[in-house]
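Colleague: Could you take me through one part of this model in some detail? I would like to look closely at the enclosed spaces and the chain stretches that go with them.

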Amino acid sequence: MKRFASVNEDRCVSCGACTQVCQRQAISIYKGCFARVDRERCVGCGICAKTCPAGSIRVATDG
Amino acid sequence: MAKKVQHWYDYLWLWPIIYFVLGFFNILFAWLGMIDFMVPVLLALFGGNKLFCNRYCGRGLLLAKLGGEWKWSRNRATQEFLVAKWFRFGFLCFFMAMFGNMLWQTYLVAAQAQSLREVVTLLWMFKLPWAWAYTAGSSSAWVAQYAFGFYSVMLTSMLLGLVVMALFKPRTWCTFCPMGTMTQMICKMKK
């Protein structure tokens, strides 16, 4: 089971607070519209979810 | 894990502090705030990105520093309405209306229909005397009027940013920052 950050794109304000706290550069802002997670790099630590002021990130699991 | 490399823009949290100190002593420095208005819009229009918010916004970095590193934030979930689209766009419209009013006041002074008012208006209501920051005749009256108005806008929004930082997350201001809403709108239209 892999944990990863999942973004609610409609809610995201693309401020980039998440990109600044991610230690693995696994999250970036896609064309100024919303945050996008690189599932390969993300380890699901949840630091971005805690930082997000819009509450648009949650940690999900697959499998 | 490797520590993140420090860049020059990681120190931009100093910018709002420098800005407010400069404007405290000489209001004409308030014009420098135009950078914070022009750069994000230009980056969004021509680059189709929010690099300003994401990397260069001094206010965002300062709020993250004070609220995050210094723990001046309660770090609670942002109130739902502050993230809602109606509030974000409503606040943008309100801010624009207030900005328009500021331009109108500047015009009135330029047209000599009104005299220069050496005050900084906080929260669109409270007039703080600020006359020490301007020497009469050191610029055209309208240039000074615009500076007083612009400084008022910057100080008011900074104050709001600090209040929501303390109450909610460090960068809660960013959820309804008019510049952020506007640039995201531009980026979405461009995509």
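Modeller: Happy to. Over residues 12-32 of chain B, this predicted model is 57% helix and 0% strand, with the end C-alpha atoms 14 Å apart. That stretch is one of those that the unreviewed UniProt entry annotates as "transmembrane region"; the others in chain B are 86-104, 116-134 and 146-168. Residues 116-134 of chain B look like this: 0% helix, 42% strand, and 11 Å between the end C-alpha atoms.

Now to the enclosed spaces. The structure has three cavities of 30 Å³ or more, and the largest has a volume of about 340 Å³. Its lining is made up of 26 residues, and those nearest its centre are Cys57(B), Arg59(B), Trp173(B), Cys177(B) and Met179(B). Several helices of chain B each give two or more residues to this lining, among them H1 (14-25), H2 (34-47), H4 (58-69) and H7 (141-167). The biggest share comes from H1(B), with four residues. By class, the lining of the largest cavity has 18 nonpolar, four polar and four charged residues.

The second largest cavity holds about 70 Å³ of space. It is lined by 13 residues, and closest to its centre are Cys12(A), Cys15(A), Cys18(A), Cys52(A) and Ser56(A). Ten residues of that lining are nonpolar and three are polar, with no charged residues. So much for the second space; back in the largest cavity, the lining does include four charged residues.

Methods: Residues are numbered from 1 along each chain as its sequence is written. Chains are lettered from A and ligands numbered from 1 in the order in which they are written. This is a predicted model: local features need pLDDT of at least 70, side-chain atom pairs count only at pLDDT 80 or more; totals for chains, interfaces and linings use all residues. Side-chain values use heavy atoms; hydrogens and water are left out. UniProt positions are given in the numbering used here, feature names are shortened, and annotations may be inferred rather than shown by experiment. On a 1 Å grid over the protein atoms alone, a cavity is a set of points where a 1.4 Å probe fits but cannot get out, and a pocket is an open set with protein on both sides within 12 Å along at least five of seven lines; lining residues have an atom within 4 Å of a point. Grid points are joined across faces, edges and corners, and a volume is the space filled by probe spheres set on the points. Ala, Val, Leu, Ile, Met, Phe, Trp, Tyr, Cys and Pro count as nonpolar, Asp, Glu, Lys and Arg as charged, and the others, Gly among them, as polar.
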